[in-house]
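User: I am new to reading protein structures and would like a close look at a single helix, followed by a careful walk through the parts around the rest of the chain. Please explain each term when it comes up.

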Amino acid sequence: MNTKEQFLSQRQRYQPITLPEEFTDEEMFRDWQLSPEDCQELKKYQKRFRLHLAIQICSVRLYGRFLAQVDNLSPRIASHLRQQLNLPVALKIRVPEREATYLKQLQNILKYLGFRRFDASAKQELKPWLRQQAQQRALPDKLFEQAEIYLFERQVLLPGPTVLERLVIRVCSEVHLQLFEAMFEQFSPKFRRMIDQLLIVPEDKHYSEFAYLKVYPPAATVTSIKSYLSRYQTLVDTGIDDYQFPTLTPAFLEYLFKQAKRYNASEIKRFKKHKRYAIMVCFLLETRKLLLDYLASMHDQYIANLVRRLKNRYEEKHRECRQRQKSAVDTMLKMGQVLLGLDDDQTFTKTELWKQIDEGEFRSSLEEFKAFQRLEEYGYGELLINAYPTLRKYFPDFLQLPFAAAPGNEDLLDAIHLVRQFNAGKIKGLPGDAPVSFVPKDLRKLLHDEQGQLKRNAWEMGLAFALRDALRSGDLYLPQSKHHISFWEMTLTELSDQTVDEVLEQPTQEEAALVLTEEFNHAVRLAQESFPTDSFAHIQDNELQLKRYTKKSKSPKVDALQKVINSHLPSIRIEQLLLEVDQRISFTHHFTPVADHLSKPRHFYKTLLAALLAQATNLGVVAMSASVEGVSLDMLRRVTQDYIREETIVAASAAIVNQHHALPLSSVYGSGDISSSDAQRFGVRASSLLASYYPRYYGYYDKAIGIYTHVSDQYSVYSTKVISCKPREALYVLDGLLENNTVLPIRAHTTDTHGYTEILFALCHLLGFYFMPRIKDLKEQQLYRLDKDQDYGIFSPLLNKTANLALVVEQWNEMLKVAMSLRQRVAPAHVVLERLINSFPSDRLSKAFTHLGRILKTQYILRYITDEDLRRRVQLQLNKGEYRHRLPRRIFFGDQGEFATGQYQEIMNKASCLSLVSNAVLYWNTLKINDIVEELRSQGEVIDDETLSHISLLPFRHLVPHGTYFTGLL
């Protein structure tokens, strides 16, 4: 790290000191109220300058700095200050023209408030504190924020971001150098040589081991799994396990790991030796976690693909067997007719029988039935056993990974130990007391040979399945991994009553039963009152009957207005649209360089926009370089590598969403407090661990991935995540809600059936989100009661099972710990949710979440079937999300809308850029549609907000995403 680096994004470096347009009167009075002493002090100055000085007094008190652009202050705040000072209304805020007068007045304000400037003495006071925090491994961006708080509390006027940033960088650079030197002293010469080997390109390979360690895995095959097991072993062979670095926090490790990933081997080798070895150690520590996660996921995918393939083969054999049995059935029916035709006293010899029925056909038919019986009982298990030799090609090495087990699952560790001994030649056969409880039923019938001995192939294949299931549920885990760790390492260990009340806003354990019961009974009462007047549902023969949802037809006025708007939207090229949006929002300022890359390349602005479009359109940098004059392939690659990464894309997209939220027309569509989430599938041509089969749309042989987006009621995308098509979408609902970094105040969320589970109901409730999914086959849903003896009126026949409220109360504090851990992002929400889902029904915590979810689901369904407004809101929001899918299809046209790469980071960058560009289109459309509507209104047309709310903000026929870019621009 050097003093020229900029580690802060534009968003972090620009500290806004004005309230948003939606601030309340309470906030204005709290922050911009003058005291009698303030008013008396301001009387010392000329009347025309008092408003300006009043603004600066409040600004220094609030933010520790003067407000440079006073004209940008909200008119409401300026009016409020004028009233307090008895000043007349004026169009502008007067500021002294003479610089000496201006500076003198500001100096007087500082003296009055007891503040002092950030001078040399303040700088010297700050340095030791910064050094102390840096020694505790505070990251530079966090340290910058903490430094501002430190200075503000000591009434020091905050310096400009660049001044403070340089100081923080300098201190961090010194402290980190000391840390690197201390770490270097621990490294043996052998260890340093091993690291050096990772940075060398071997003669028989194209890349260094360092480069291979950064690659995201392809699809799980025996070859790919063996390759990644080899990479893991290479990492372990460096001797990294022999070194402990307790002073390195997880956040600091990840920070240095991300820095290392952005360099290639030749760049790493140019570092000074202390930094080179230290940053490589951090890279290896984090890479070990990732490799273990990859290997667990690859084993999971391999077993899933094996099951898919063998079940297909089993079904084929089943069909072939049924075909062959047709003649056998005829023979057996004929035999039955002959035997039934005999009189009771009639004797019948074999010779006479074979005269009527062919003996060969009968014996052949009998063999067919025996074969079918064996196929039914043992066929699938035998196919699994036949696949054992292929599994053995990687499984012994896989079992060498450092597994650990949750209490109660020691038999799995014992089984792993037995296989390790077997592979090492220490034992020659499985002992009779070897654990077998984990073997699935399809293999149990084949588990023993004729002598009663355990068959290794069946037993070990059963272990492979058990490991897959145990890693999913967390019964088995890898302590050195990132996500496959013990469940309780993902959660907080302590939880205070203040946290429960102020952050989660949930009752304490003592109050939980009463509160949940009151909420449930209240929901039932409301439903009972509304049920007779709502025609959507009725109860017949103690079963719920629902009327089919009928789509509300648009009024002719809406259709006519939509056609007028569509026809008047000017045709625009996509790069021109980005330019116009950036001129208003400056979202490109969020694309800051990574460390050591301060200087911008030639034609940076044009190259940046071209690089963003290369990602969003799926053209890629090669095709884009041929489509833009004056931008070379090297320029695009450099900007893509140094500027376009997940954090910068997310910040830029959030800037667009925030500005769109402030547009007057956006409020017509909602207040931004409701959202929906859904996955849009895209084909993947390259091999990738992330890709999975999706027969519904991509057939049996092609794979796809999902881009899971969270869309607000204002059509904006505030979260984007690339997911596999294999697991339920419900796993990823909370990720987007919790990682929302926009101003959108999301309070309610809806999904389709694939996006809901009962556990998700519970977690959303504990985190303060109202979950309202559209559930398929709603009338088939099981509803629950809290008290089995209570009469719930007309709903009593439907509430025919009882939720375990006592278990919920018992586990309440543990459930709150999980929720608070998610709120503080201690662990990814989808990982926690997957563990809870796969642990049920054996784990009491998972059971408690499930029973709480059942209570909440019952309340929601009762409201859904009796509240037409709720049903309409759910359907409307889901329609917005599904309709928005059409725009990405329009933009993402390169390679026929399919991903040609299998690398997760490249796919994620393309998906995020696609969301950014779609948000830019939304912002531009909203501006233009507002202009068209205002023009129509000025001509006497009456367009109310209700009509306007049904107009789409995402028409795209006017958008031109392909062709030659930037012709005549920039």
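**A covered helix and its wider setting**

Analyst: Helix 36 is mostly covered, since 9 of its 12 residues are buried, where buried means under 20% relative accessible area, exposed means over 50%, and partly exposed lies in between (1.4 Å probe, protein chains only). The areas themselves come from the Shrake-Rupley method with a 1.4 Å probe, and for residues only the protein chains shown count as cover. This is a predicted model, in which local features need pLDDT of at least 70 and side-chain atom pairs count only at pLDDT 80 or more, while totals for chains, interfaces and linings use all residues. Residues are numbered from 1 along each chain as its sequence is written, and side-chain values use heavy atoms, with hydrogens and water left out.

The buried residues of helix 36 are Trp812, Met815, Leu816, Lys817, Val818, Ala819, Met820, Ser821 and Leu822. Helices (H or I, at least four residues) and strands (E, at least two) are DSSP runs, numbered from the N terminus. Helix 36, residues 812–823, reaches 16 Å from its first C-alpha to its last, close to the 16 Å expected at 1.5 Å a residue; that expected span is 1.5 Å times one less than the number of residues. After helix 36 comes Arg825, which has a positive phi near 55°.

A positive phi deserves a remark, as most residues other than glycine have a negative one. Tyr715, which is not a glycine, likewise has a positive phi, near 75°. Tyr715 sits in the loop between strand 8 (703–712) and strand 9 (717–724), and with a relative accessible area of 9% it is buried. Glu505 also has a positive phi, of about 55°, without being a glycine; this residue belongs to the loop between helix 23 and helix 24 and is exposed, at 63% relative accessible area.

Glu505 leads to the surface, where it gathers with Asp501, Glu502, Glu510 and Glu511 in a patch of negative charge. A patch is made of residues with over 30% relative accessible area and no salt bridge, like charges being joined within 9 Å and nonpolar side chains (Val, Leu, Ile, Met, Phe, Trp, Tyr) within 5 Å. Lys and Arg count as positive and Asp and Glu as negative, while His and the chain ends are not counted, and the place of a charge is taken as NZ of Lys, CZ of Arg, CG of Asp or CD of Glu. Helix 23 (497–504) and helix 24 (509–530) each supply at least two residues of this negative patch.

In the loop between strand 2 (476–477) and helix 23 lies Phe487, which is buried, with a relative accessible area of 13%. Although Phe487 and Ala406 are 81 residues apart in sequence, their C-alpha atoms are 9.1 Å apart in space.

Charged side chains also pair up: a salt bridge is a side-chain nitrogen of Lys or Arg within 4 Å of a carboxyl oxygen of Asp or Glu, and a search of the whole structure finds 39 of them. In one of these, the closest N and O atoms of Asp241 and Arg288 are 2.1 Å apart. Asp241 lies in the loop between helix 12 (222–237) and helix 13 (250–261), and Arg288 in helix 15 (residues 273–340), so the pair ties together parts that are 47 residues apart in sequence. Asp241 is partly exposed, at 33% relative accessibility, whereas Arg288, at 11%, is buried.

Another salt bridge joins Glu254 to Lys258, with 4.0 Å between the closest N and O atoms. These two residues of helix 13 are 4 residues apart and hence separated by about one helical turn. Glu254 is partly exposed, at 30%, and Lys258 is partly exposed, at 39%.

A further bridge has Arg685 meeting Asp895 at 3.7 Å, N to O. The pair links distant parts of the chain, 210 residues apart: Arg685 is in the loop between strand 6 (674–684) and strand 7 (692–693), and Asp895 in the loop between helix 40 (886–891) and helix 41 (904–938). Arg685 is partly exposed, at 44%, and Asp895 is partly exposed, at 35%. Finally, Arg262, Arg645 and Glu647 form a network of salt bridges.

For the setting as a whole, the chain holds 42 helices and 14 strands, and 53% of its 970 residues count as buried. Its C-alpha trace spans about 130 × 80 × 65 Å along the principal axes.
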